[in-house]
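Colleague: I would love to walk through this structure with you, one question at a time. Shall we have a look?

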Amino acid sequence: MRNFRILALGAVLALFASCAPKASVSMTVADAPGASLAVHKLNVSSADLLDSVKTDSKGRFTYNVPVAKGQPEFIYIFKGDTRLAALLLEVGEKAVVEADTLGNYTVEGSKGSAEMAEVEKAYSDFIREFASSGTPQEAMNTYVRYYRDRLAYVLNNSHSLSVVPVMFQNVTADLPVFSQSTDAILFGGIVDSLKTVYPKSKYVKALEVEAERRKNNMELERAILQAEQAGFPDIALPDINAEKVSLAGVDAKVIMLHFWDVDDAAQKLFNLDVLLPLYKAYHSKGLEIYAVGVTTDKALWASVVKNQALPWINVCDGYGAASPAVRLYNLQTLPSTILIANDEISSAKIDSEVALRRELAILLK
């Protein structure tokens, strides 16, 4: 009876394994009998080794890849350092791959993998043409053509995960194909499209992080350009009602730009013990405070602002130290206070409560 139970359990486990969500790869590599190949799976920022396989006497092998529903996987097949194929597998797909040892391949039975084959070939052709350009102008022309072609591809395939590797392609180690600051708009739009189809995909989430980084950089560049006209870099951050408030739009004789850490008890006390009395004393004379909460916990920030009943402009974007505002004003410590008078940043060093009171008395006498 005990042996029967063991056999029955084994049969159940085998049945469960056979029913587990997966995709299969049947691959033939020309002129590679008995070759050792490596199967890698993309783990957002790196291609991790999944398994090692060996082809039979005709260069063939079959491999099953675990794939969750709604979460396609990028799978790469290597022979040594040569990538033989890049696949994008959906659950239930049966990809049939014909390849050679030089990295040329075709795919049937997997729509995403067929798209990836086209993506890989286009990129390989571009890199080869770019490297063989005779002059800088020829290289630039090659790049512009490829950029426009990839832009068209991304827009025409905005609901396919095959666009993800395209958007991370590089011309050189330090030059992305999508290198313009305004490409941030493209990234944001593609993320929105992909999330409607693959809301749980780790690759879409990684692209979303990159889209946010590019958006922040674009806003940073815009603020720097505006600063040349305004005399100080503008920032526009959401207030407690999620309405964006522009620093440049504040109508006051003197603006106190104050960055503070909501997690620091001493800085919360500073609001009540120092800033509030100063605000009451000088607001009628032309002072406004634009206080930036530097934290990733917007709920906590909002709670502190409400509980302390802070009457000035309070804003927070929830990015903490990664906020474009923090980078724009090159902050090294918190709290930090900057005075803006007559559309210019005051040169006075505000490093203490005494210095702050002294400068306000001068500017608002």
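Modeller: Gladly! Before we count anything, here is a rule we need: rings of Phe, Tyr and Trp make a pair if their centres lie within 6.5 Å. Keep in mind, too, that this is a predicted model.

Colleague: Thanks! How many aromatic pairs does a search of the whole structure find?

Modeller: The search covers the whole structure, and the number of aromatic pairs it finds is nine.

Colleague: Let's take F74 and Y203. What kind of pair do their rings form?

Modeller: The ring centres are 4.8 Å apart. Planes over 60 degrees apart count as edge-to-face. The planes of F74 and Y203 stand at 80 degrees, so this pair is edge-to-face.

Colleague: How many residues apart in sequence are the parts that this pair ties together?

Modeller: Start with where each ring sits: F74 belongs to strand β5 (residues 73–79), while Y203 belongs to helix α6 (residues 202–230). The pair therefore ties together parts whose separation in sequence is 129 residues.

Colleague: Is F74 buried or exposed? And what about Y203, buried or exposed?

Modeller: Buried means under 20% relative accessible area. F74 has a value of 1%, so F74 is buried. Y203 has 2%, so Y203 is also buried.

Colleague: Now F126 and Y146. What kind of pair do those rings make?

Modeller: Their centres are 4.1 Å apart. Planes under 30 degrees apart count as stacked. Here the planes are at 5 degrees, so the pair is stacked.

Colleague: Which helices hold F126 and Y146?

Modeller: This pair links distant parts of the chain, with the two residues 20 apart. F126 is buried at 3% relative accessibility, and Y146 is buried at 6%. F126 is in helix α2 (residues 111–131), and Y146 is in helix α3 (residues 136–156).

Colleague: Which residues do ring pairs link into a cluster?

Modeller: We have already met two of the members, F126 and Y146. With the other two added, the cluster is Y123, F126, F130 and Y146.

Colleague: Which residue lies over the face of F187?

Modeller: This one is about a charge over a ring, and for Arg the CZ atom has to be within 6 Å of the ring centre. Here the distance from the ring centre is 4.1 Å. The residue over the face of F187 is R214.

Colleague: On to the largest nonpolar core. Which strand gives the largest share of it?

Modeller: That core has 59 residues, and M27 and V97 have the most contacts inside it. The largest share is six residues, and they come from strand β6 (residues 82–89).

Colleague: How many of the residues in β6 are buried?

Modeller: β6 runs antiparallel to β5, and seven bridges join the two. Across that pairing, F74 stands opposite L88 in β6. The strand is mostly covered, and its buried residues number six of eight.

Colleague: Which residue in the hairpin of β5 and β6 takes a positive phi?

Modeller: The hairpin has two residues between its strands. With a phi near 65 degrees, the residue is G80.

Colleague: There is also an open sheet of five strands. Which strands stand at its edges?

Modeller: The order of the strands is β15-β14-β13-β16-β17, with mixed pairing. An edge strand has a single partner, so one side of it is left without a neighbour in the sheet. The edges are β15 (313–315) and β17 (344–345).

Colleague: Where does N342 lie, and is it buried or exposed?

Modeller: N342 is in the loop between β16 and β17, and its phi is positive, about 55 degrees, although it is not a glycine. Most residues other than glycine have a negative phi. Exposed means over 50% relative accessible area. N342 has 67%, so N342 is exposed.

Colleague: One last question: what is the form of the peptide bond from L334 to P335?

Modeller: P335 has its place in the loop between α9 (324–328) and β16. Most peptide bonds are trans. The bond from L334 to P335 has omega near 0 degrees, and its form is cis.

Terms used
Residues are numbered from 1 along each chain as its sequence is written. This is a predicted model: local features need pLDDT of at least 70, side-chain atom pairs count only at pLDDT 80 or more; totals for chains, interfaces and linings use all residues. Side-chain values use heavy atoms; hydrogens and water are left out. Rings of Phe, Tyr and Trp (its six-membered ring) pair if their centres lie within 6.5 Å; planes under 30 degrees apart count as stacked, over 60 as edge-to-face and the rest as tilted. Helices (H or I, at least four residues) and strands (E, at least two) are DSSP runs, numbered from the N terminus. Buried means under 20% relative accessible area, exposed over 50%, partly exposed in between (1.4 Å probe, protein chains only). A charge sits over a ring if NZ of Lys or CZ of Arg is within 6 Å of the ring centre and within 35 degrees of the ring normal. A nonpolar core is a set of buried Ala, Val, Leu, Ile, Met, Phe, Trp, Tyr and Cys residues joined through side-chain atoms within 4.5 Å. Two strands pair if DSSP finds at least two bridges between them.
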